[in-house]
Number of protein chains: 2
Amino acid sequence: MGAEPNGQPRAVAVVGTGEIGRSWIRVFARAGYETRAWDPEPEQLASAWEWMKAELKRARKEQGLRKRVVRSEREHVVRCATLQEAVDGVIWVQESGPEVLEQRRPIFAQLDKLTPPKAVLASSTSMLDMTAIAKGLSGANRCVIAHPVNPPHIIPAVEVVGGHRTDPLVLRRAVRFLERLGLTPVLLRGYVTGLLLHRMEAALVREALHLVKEGFASPEAVDAVMRDGLGLRWALMGPFAVGNTSTDGGIREFFRRYRPVFERVCADLCGDLTLTPEVVDQLAKSVDGTWRRVSRAQQRAWRDDMVGRIRHLKEAHPVKPPDPDD
Amino acid sequence: MGAEPNGQPRAVAVVGTGEIGRSWIRVFARAGYETRAWDPEPEQLASAWEWMKAELKRARKEQGLRKRVVRSEREHVVRCATLQEAVDGVIWVQESGPEVLEQRRPIFAQLDKLTPPKAVLASSTSMLDMTAIAKGLSGANRCVIAHPVNPPHIIPAVEVVGGHRTDPLVLRRAVRFLERLGLTPVLLRGYVTGLLLHRMEAALVREALHLVKEGFASPEAVDAVMRDGLGLRWALMGPFAVGNTSTDGGIREFFRRYRPVFERVCADLCGDLTLTPEVVDQLAKSVDGTWRRVSRAQQRAWRDDMVGRIRHLKEAHPVKPPDPDD
């Protein structure tokens, strides 16, 4: 077993092993942490374990992942029968339960009692405020949101935000810890419903649904504009950095020049969408038509594999000149 | 000089050689069309030509573009002194002027008179409706919008939409022609202010600006969530295809499961943003801070180069199994 930089033992707990939780298991195990997995439903944990074995087998076969690496990742996972066993001596708990305050509060109350006082208690929630989850807990200072993009073992961004009583030092520790896992922590200044990611996504998807619903374009047209247009730049730069490179004068000139256009478009955007069954039906038919010869599992595997390739490309060709001090 | 599949000569005209027009010159010239470039301001055309030579030199040096390819692209460009000369015998005109109806209407009236009757008259506009631009023209049936993403020689998506009098056959010809140029034409069913791309972008950017303005996150946090989160998937799949791969039951299950979350987030989104000088100032400082060791020209060159690499990656690893008939 390895050790944290300060010599502490490196054990973490994953509490809740659904779609998000099981991906977190891979993140921690891959980084060399003893990863204790627990779920209130034992069948869920068993299914997470089967998923992980199948994923590793596939990675070994299709991506040439080395046997030693696969074995190491598996050996770092400990399936636990009780929450107590899972959190004993851990430095970090990653909770990934349902988005229901009444379910998350008692879990955090238990975690606060059972874990070492210095452990960070992190929730994968994006729809609940840590101020509410940790209300009344003596350890509210060590409770944080660490909301990943699904799935975190593929996509690096993790949104980090505390509740009103979270210690700023704990937030900084959380950011450093997530960085050591190979993730990209993004620190928010305060909780807002859905955090950044779901809000920006919902704003765009609402408009996309509106365009389909009003008959301006097919769902496939929307997807094509994204994957062969907007998305090619956004995989490299966020929207502000794109604006900054779009004129010689940078983002100030960008907004000076395009503000009238931006405001005209904004004034015309959908502000209130009713999602009808007909539109969802149209989406399903269009998407299934476009991808008709590839199963959904294959689509997902391709997506995850290609995200890995794009990340590799970005690491191999950084924009910044190498630091002379490195 | 090459020929169209039906044996017609292959000459096209680029009318207006600003930032978008000059990129179109490269698209056509690269594809082997005799590309006649004209601008009402001769200095603009001269500057476009200097830009193109510098770009080709850079591509030759940094991307190892072959001398023969560079020479061929240059030799396919003809700088014209008059509009008449530019459009003589062409099969396609790509107009890229200012987004002002009163300037575009007279240009289209001239084009309708000077061009061969079968030539397609395309505008790069996203903010004007072709119904209005081509109003009263006898050739309104052959007028289309072909709105590229900036710059079209790098990003393949092109939005295609007609006016009320545009012939559906012309739209189909336009789509096929753009495909032959190596672009990804996306056909819309009707004009809507800003088309798909600017609307989806504006919806997301408005929310991003709101989050910065209200103090929830820094501009850099917004950009990081995009480039290390949302954007990694969107470079591969549009938002509907992503939803489709996010649950085992596809997009129907996706909206069944996440609809309450989606609606809660939508209800909280910014609907009315006032862009203050303070926010633009904050954006500029943040973006310049993040990229402080790299000039804007270098950022843009890196972005364009990396988009090319991602496109190459997608071509080399298609999701669909190879067609047995191919």
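This dialogue works through one helix and several salt bridges of a predicted model.

User: How should the length of helix α7 of chain A be checked, and what span should its 13 residues have?

Analyst: The general idea is to compare an expected rise per residue with the distance between the helix ends. At 1.5 Å a residue, the 13 residues of α7(A), residues 168–180, should span 18 Å, and the end C-alpha atoms are 19 Å apart, which agrees.

User: Which residues of α7(A) are buried, and where do they fall around the axis?

Analyst: Burial is read from relative accessible area, with under 20% as the cut-off for buried. In α7(A), that class holds A:V170, A:L171, A:A174, A:V175, A:F177 and A:L178. Viewed down the helix axis, the buried residues of α7(A) fall within an arc of 165 degrees, so they line one face of the helix.

User: Which exposed residues lie on the face turned away from that buried side?

Analyst: That face of α7(A) carries the exposed residues A:P168, A:L169 and A:R172.

User: What is found at the N-terminal end of α7(A), and what just after the helix?

Analyst: At the N-terminal end, one looks for a capping side chain. Here A:D167 is the cap, with a side-chain oxygen 2.9 Å from the backbone nitrogen of A:L169. Just after the helix, A:G182 adopts a positive phi of about 85 degrees.

User: How many salt bridges does the whole structure contain?

Analyst: The search counts pairs in which a Lys or Arg side-chain nitrogen lies within 4 Å of an Asp or Glu carboxyl oxygen. Over all chains, it finds 46 salt bridges.

User: Where in chain A do A:D281 and A:K285 lie, and how exposed is each?

Analyst: Both belong to helix α12 of chain A, residues 277–290, and are four residues apart, about one turn of the helix. Their side chains form a salt bridge with an N to O distance of 3.0 Å. A:D281 counts as partly exposed because its relative accessibility is 26%, whereas A:K285, at 55%, counts as exposed.

User: What distance separates N and O in the salt bridge of A:R296 and A:D288?

Analyst: The N to O distance is 3.4 Å. A:R296 is partly exposed at 23%, and A:D288 is partly exposed at 36%.

User: Are B:R26 and B:E73 buried or exposed, and which parts of the chain does the pair link?

Analyst: The closest N and O atoms of this salt bridge are 2.6 Å apart. The pair links distant parts of chain B: B:R26 lies in helix α1, residues 19–30, and B:E73 in helix α3, residues 67–75, with their positions 47 residues apart. Both B:R26 and B:E73 are buried. In chain A, salt bridges with shared partners join A:R26, A:E55, A:R58, A:E62 and A:E73 into one network.

Terms used:
Residues numbered from 1 in each chain as written. Chains lettered and ligands numbered in written order. Predicted model: local features only at pLDDT ≥ 70, side-chain atom pairs only at ≥ 80, totals over all residues. Heavy atoms only, no water. Helix = DSSP H or I, 4+ residues; strand = E, 2+ residues; numbered from the N terminus. Expected span 1.5 Å × (residues − 1). Buried < 20%, exposed > 50% of the residue type's maximum accessible area, 1.4 Å probe, protein only. Arc of directions from axis to C-beta. Polar contact = N/O pair within 3.5 Å; in protein donor to acceptor, adjacent residues only side chain to side chain.
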